[in-house]
Amino acid sequence: MSKPKRKREAAELYQRITRSTAQTVLDEDEAGERDEPQNHAGTPITNDMLAASRELARLIPLSPHPKRDLPKMKKFRFQLLHTWMLEHLEPCRVADVGGGKGLLTYLLQQSGWPATVIDPVHQSLPVKYKDLQIDKQVHIDPAGRVPRIDRTFAAEIARDFDLLVAMHAHGCNIQLIDAAAEYERNVILLPCCIIQEPLQPPAGVHWIQWLVDYATGKGFALEPFRLNFRGQNIGFYAQRRSHGSPRI
Ligand SMILES: C[S@@+](CC[C@H](N)C(=O)[O-])C[C@H]1O[C@@H](n2cnc3c(N)ncnc32)[C@H](O)[C@@H]1O
């Protein structure tokens, strides 16, 4: 294959992968596909549930043939969230709460954002990851490190950051909203389940909707989004209303 053709194909792949959330799908058939621990409140949110939500309704896929549109990028949630952040937010100090191995923090650091993993379980960076832009595996220097605070999240940690991010960090969602409200910080949550959370939604209320209402009640402006990976792929950016206009 010629070099220009390869480049064009890589660019097209990247466009497809990072296409806006409106074309991303999780319909009732796929709702059973999961890669996270679940309980009833962590059940993937269906289109019916989305339609009933003022804030989340816009995440329903627009295409009449959503399954044909875009294959799900099962393993690439860190890359997809990283891209979303770069496209929608200004660089800022990020606390990657429950960040695990630290790939999101690593990618943000590579993009010039000061980011730190907050996680009580110390883990090494993965040895490689797929760069979606060039559609290639990239090796991480074995000596590579990201800043880490190896402890559970506590509200006062928010003081040193502008943005608290928690992807599938069960037990941390309510705490992050509370801390962000207390220290006037912004939050990105991609909730998975209600395990270890101090409060629980009442029967019939989906966990994500409950968090949306909770954050709204604390004075945040909410921007929901959906990323193109399989599983718990709905998130929201909660911004303090006093912080001026969001870039999004
Ligand atoms: C399901 S994993 C998600 C890891 C990563 N964000 C991802 O998307 O793959 C949850 C992570 O949260 C961490 N964690 C659990 N409780 C925490 C707490 N109170 N504060 C910070 N991290 C916590 C765990 O150690 C674990 O690494």
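**View 1. Strand β7, boxed in on both faces.** In this predicted model, 5 of the 5 residues of β7 are buried, so the strand is largely enclosed by the rest of the structure. Asn-186, Ile-188 and Leu-190 sit on one side, Val-187 and Leu-189 on the other, and all are buried. Next door in the sheet is β6, which runs parallel to β7 and is joined to it by 5 bridges. If you want a pair to click on, try Val-165 and its bridge partner in β7, Ile-188.

**View 2. The whole sheet, edge to edge.** Here are 7 strands in an open sheet with mixed pairing, ordered β5-β2-β1-β6-β7-β9-β8. Residues 148-149 (β5) and 220-226 (β8) make up the edge strands; each has a single partner, so one side of each has no neighbour in the sheet. At the β8 end, 7 bridges link that strand to β9 (residues 234-240), and the two run antiparallel. Leu-222 is bridged to Ala-238 of β9. For the wider context, the protein comes to 7 helices and 9 strands.

**View 3. Helix α6 laid over the sheet.** Which strands does α6 lie across? Residues 173-183 form this helix, and under it are β1 (94-97), β6 (163-167), β7 (186-190) and β9. Against β7, the helix runs at about 170 degrees.

**View 4. Inside the largest nonpolar core.** This core has 61 residues, and those touching the most other members are Val-97, Leu-164, Val-165, Ala-166, Leu-176 and Ala-180. Helix α7 (residues 207-217) gives the most to the core, with 6 residues. Zoom in on Val-97: leaving aside neighbours within four places in sequence, its contacts are Ile-118, Phe-153, Leu-164, Val-165, Ala-166, Ala-169, Cys-172 and Leu-176. As a rule, nonpolar side chains in soluble globular proteins tend to be buried together. Over the protein as a whole, 38% of the 248 residues count as buried. Of the contacts between residues at least 6 apart in sequence, 60% join residues at least 24 apart.

**View 5. Helix α5 under cover.** Most of α5 (residues 103-110) is hidden, with 6 of its 8 residues buried. The buried ones are Leu-103, Leu-104, Thr-105, Tyr-106, Leu-107 and Leu-108. What covers them includes α4 (77-88), β1, β2 (115-118), β3 (128-131) and β6. Just after the helix comes Gly-112, with a positive phi of about 90 degrees.

**View 6. The shell around the ligand.** There are 15 residues around the ligand, and Gly-98, Gly-100, Val-121, Thr-152 and Phe-153 come nearest. By type, the shell splits into 8 nonpolar, 6 polar and 1 charged. Phe-153 also turns up among the contacts of Val-97.

**View 7. Two positive phi values outside glycine.** His-168 has a positive phi of about 55 degrees although it is not a glycine, and Gln-196, also not a glycine, has one near 65 degrees. Where do they sit? His-168 is in the loop between β6 and α6, while Gln-196 is in the loop between β7 and α7. Buried or exposed? His-168 has 21 other C-beta atoms within 10 Å, so it counts as buried. Gln-196 has 11 within 10 Å, so it counts as exposed.

Terms used: Residues are numbered from 1 along each chain as its sequence is written. This is a predicted model: local features need pLDDT of at least 70, side-chain atom pairs count only at pLDDT 80 or more; totals for chains, interfaces and linings use all residues. Two strands pair if DSSP finds at least two bridges between them. Helices (H or I, at least four residues) and strands (E, at least two) are DSSP runs, numbered from the N terminus. Two residues are in contact if their C-beta atoms, placed from the backbone, lie within 7 Å. Axes are lines fitted to C-alpha atoms, for helices over the stretch in contact, and angles run from 0 to 180 degrees between N-to-C directions. A residue is buried if 20 or more other C-beta atoms lie within 10 Å of its own, exposed if 12 or fewer, and partly exposed in between; C-beta atoms are placed from the backbone. A residue is near a molecule or strand if its C-beta atom, placed from the backbone, lies within 6 Å of it. Ala, Val, Leu, Ile, Met, Phe, Trp, Tyr, Cys and Pro count as nonpolar, Asp, Glu, Lys and Arg as charged, and the others, Gly among them, as polar. A nonpolar core is a set of buried Ala, Val, Leu, Ile, Met, Phe, Trp, Tyr and Cys residues joined through C-beta atoms within 7 Å.
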